[in-house]
Amino acid sequence: MKPYKLAAKEDKKHNTIISISTDTGKVMIGQGYHVLIAGPCAVESADDFLQLALFLKEEGAHILRGGLFKPRTSPYSFRGLGMEGLDIMLEARRITGLPIISEIMDYRDIELMYDAIDILQVGSRNMQNYSLLDELGKLKKPVLLKRGFSATIEEWLLAAEYILDGGNNEVILCERGIRTFETYTRNTVDIGGVALVKHLSHLPVLVDPSHGTGRWELVTPVAKAAIAAGADGVMVEVHQEPDKALSDGRQSLNKDNFKLLSRSLRELALLENRIV
Ligand code: PEP
Ligand code: MN
């Protein structure tokens, strides 16, 4: 038996499919479905976020992303609007009908984020924050667990095991690139690892080619590779004016490029017999 006994495929006949209900319908994440999560790295202002949200919905995004708490390398960089941005996300959810995802960095924020956020994201830096994982395991709420940038596949699946073992079986894995000797890209997206994790686990697997590559011009090709490798969808950063973004502008798609990405992924997903 594998050490990650709840995350392993061997115990499960079927792959896990997570269904997220909204006022206007349902979004499915997992085997056989194609999901596109999009939005800015961070929620910066109400006007910009709401306008972008409407555009993303129009152009085929299924779920809206937006960071409220940003784990920045330097404490002097923009660290997000915090809870002040929560109402902006809720308004975007209301006007678009799309579910929303945001990163939770501290278990003390669960109470405030629980009702508002449809998917709680655990960032790469917190993949091994076991007290946070333990608390998320007690919830009935989908959790997107990013791979730690220095984590092996086994460590990643064992981190998922913490949440599953607590009784929360709605875990989504997200490959976001790992640290290698290469410096021309921000991280190295482990596409082979994506195919392997789909083989090892019944959990849905997504890829984040934005943090994975750090360069907007690589986002679409790597997103396509992810879908071809079996990923159940991708999460990308989009900004109305990437040059002016308060974080991660270099890897953010502008609106035109998002449109192209959304269309080409849809075509590819259809070729792969996914429901788009
Ligand atoms: C993010 O998606 O907002 C993020 C900070 O990503 P990561 O945890 O993968 O660095
Ligand atoms: Mn970012």
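Which protein donors bind the manganese ion (ligand 2), and how far from it do they lie? In this predicted model, local features need pLDDT of at least 70 and side-chain atom pairs count only at pLDDT 80 or more, while totals for chains, interfaces and linings use all residues. Residues are numbered from 1 along each chain as its sequence is written, chains are lettered from A and ligands numbered from 1 in the order in which they are written, and side-chain values use heavy atoms, without hydrogens and water.

The donors are C41 (SG), H211 (NE2), E237 (OE) and D248 (OD), at 2.0 to 2.4 Å from the ion. Donors are N, O and S atoms within 2.8 Å of the metal (3.2 Å for Na, K and Ca); water is not among the atoms, so sites may look incomplete. Their spacing in sequence is C-x169-H-x25-E-x10-D. C41 sits in the loop between β3 (35–39) and α1 (46–58), and H211 in helix α7 (residues 209–213), 170 residues apart. Both C41 and H211 are buried (under 20% relative accessible area, 1.4 Å probe, protein chains only).

H211 is also among the residues surrounding ligand 1, including R65, E103 and R176 (a heavy atom within 4 Å). Oxygen atoms of ligand 1 lie 2.8 Å from a side-chain N or O atom of K70 and 2.9 Å from one of Q121. S124 places a backbone N or O atom 2.8 Å from a ligand 1 oxygen. The protein covers 96% of the 300 Å² of accessible area that ligand 1 has on its own (Shrake-Rupley method, 1.4 Å probe).

Conventions: Helices (H or I, at least four residues) and strands (E, at least two) are DSSP runs, numbered from the N terminus. Buried means under 20% relative accessible area, exposed over 50%, partly exposed in between (1.4 Å probe, protein chains only). A polar contact is a pair of N or O atoms within 3.5 Å; within protein, one must be able to donate a hydrogen and the other to accept it, and residues adjacent in sequence count only if both atoms are side-chain atoms.
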